[in-house]
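Here is a friendly walk through one protein model, written for someone who thinks at the bench. Have the structure open beside the text and follow along.

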Amino acid sequence: MIAIIDYGMGNIKSVSKAFETAGAEISVTQNPEEIMKARAIVLPGVGAFKDCMENLSELGLLQVIKEEILNGKLYFGICLGLQILFTESEEFGLCKGLDILKGKVVRFSLPQNYKIPHMGWNSVKFKKKNKIFEEIPDNSYFYFVHSYYVIPEDSKAVAGITDYGVEFTSMMIQENIFATQFHPEKSQKIGLKLIKNFVKLTT
């Protein structure tokens, strides 16, 4: 079973539907015990970093999520689910993250001809070989909606980069951690394939 964490933010319905379509047995949950029993954790998100951390804290989920990831449980983070892995974010004032990955989350500072938020389809250049990319061509297009992006201290875990006025990290892979700035659940066939490949890793 894959635990999809419902913390009151993000497009839970489209994420859960995508994982079900990919053949996963899922539980949309706020229950720490279900998260601990699950084979993998999925944390989707749309919205502000600080709100995300506060909601997870109020639900008593921050510590269990961090412990499960550090204990080696498979984790798939989408958008905010990527960003909260980092040390801190500058969104609406400095806010601490889970600090599992060292680095920070910053706002785009772009030429005038670039709109913020970065919204729409963009290519992802793969920087690592991994089973999650099976049958997915390099430079495939995925769907983005975000105004902030991550700056990792260690580039070894960077698995994908994207150019939007600036080259930024759009995917991280580190051992049991898989996390994307883009939204695979909104990325049609290629996004569903990425999700299917992750589901395979949990079996």
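At a relative accessibility of 28%, Asp99 counts as partly exposed. This is a predicted model, and Asp99 makes a good starting point for looking around it. Asp99 sits in the loop between strand E6 (95-96) and E7. Its backbone is worth a look as well: phi is positive, at about 60°, although Asp99 is not a glycine.

Asp99 also turns up among the contacts of Thr87. Leaving aside neighbours within four places in sequence, Thr87 touches Cys95, Lys96, Gly97, Asp99, Leu101, Lys102 and Gly103. Thr87 belongs to strand E5 (residues 86-89). Is Thr87 buried or exposed? With a relative accessible area of 19%, Thr87 is buried, because the cut-off for that class is under 20%.

**Charged pairs**

Side chains of opposite charge can pair when their charged atoms come close. How many salt bridges does a search of the whole structure find? The search gives six, and the table shows three of them, including one with Lys96, a contact of Thr87.

| Acidic residue | Basic residue | Closest N to O distance |
|---|---|---|
| Glu68 | Lys73 | 2.7 Å |
| Glu88 | Lys96 | 3.4 Å |
| Asp138 | Lys125 | 3.7 Å |

Asp138 and Lys125 form a salt bridge with their closest N and O atoms 3.7 Å apart. Asp138 lies in the loop between strand E8 (118-126) and strand E9 (140-146), while Lys125 is in strand E8, so the pair ties together parts that are 13 residues apart in sequence. Asp138 is partly exposed at 37% relative accessibility, and Lys125 is partly exposed with a relative accessible area of 37%.

The surroundings of the other two pairs can be described in the same terms. Glu68 is buried at 11% relative accessibility, and its partner Lys73 is buried with a relative accessible area of 11%. Lys96, the partner of Glu88, counts as exposed at 56% relative accessibility.

**Backbone details**

Another loop holds a residue with a positive phi. Glu175, which is not a glycine, has a phi near 55°. Glu175 is placed in the loop between strand E12 (167-174) and strand E13 (177-180), and it is exposed, with a relative accessible area of 72%.

Where is the cis peptide bond that joins Ile116 and Pro117? Pro117 is in the loop between strand E7 (101-107) and E8. The omega angle of this cis bond is about 10°.

**The chain as a whole**

Stepping back, the secondary structure of the protein chain comes to six helices and 13 strands. Its radius of gyration is 15 Å, close to the 17 Å that the globule rule gives for 203 residues, so the chain is as compact as a globular protein of that length. Along the principal axes, the C-alpha atoms fill a box of roughly 45 × 40 × 30 Å.

What share of the 203 residues is buried? Buried residues make up 56% of them. Among contacts with a separation of 6 or more, 69% are between residues 24 or more positions apart.

Turning to the surface, the chain exposes about 9500 Å², and carbon and sulfur atoms supply 47% of that area. The chain carries 23 positive and 23 negative charges, whose mean positions are 6 Å apart.

Methods. Residues numbered from 1 in each chain as written. Predicted model: local features only at pLDDT ≥ 70, side-chain atom pairs only at ≥ 80, totals over all residues. Heavy atoms only, no water. Salt bridge = Lys/Arg side-chain N within 4 Å of Asp/Glu carboxyl O. Buried < 20%, exposed > 50% of the residue type's maximum accessible area, 1.4 Å probe, protein only. Helix = DSSP H or I, 4+ residues; strand = E, 2+ residues; numbered from the N terminus. Rg over C-alpha atoms; globule rule 2.2 N^0.38 Å. Contact = heavy atoms within 4.5 Å. Areas by Shrake-Rupley, 256 points an atom, 1.4 Å probe, with all protein chains shown as cover. Lys, Arg positive; Asp, Glu negative; His and termini not counted. Charge placed at Lys NZ, Arg CZ, Asp CG, Glu CD.
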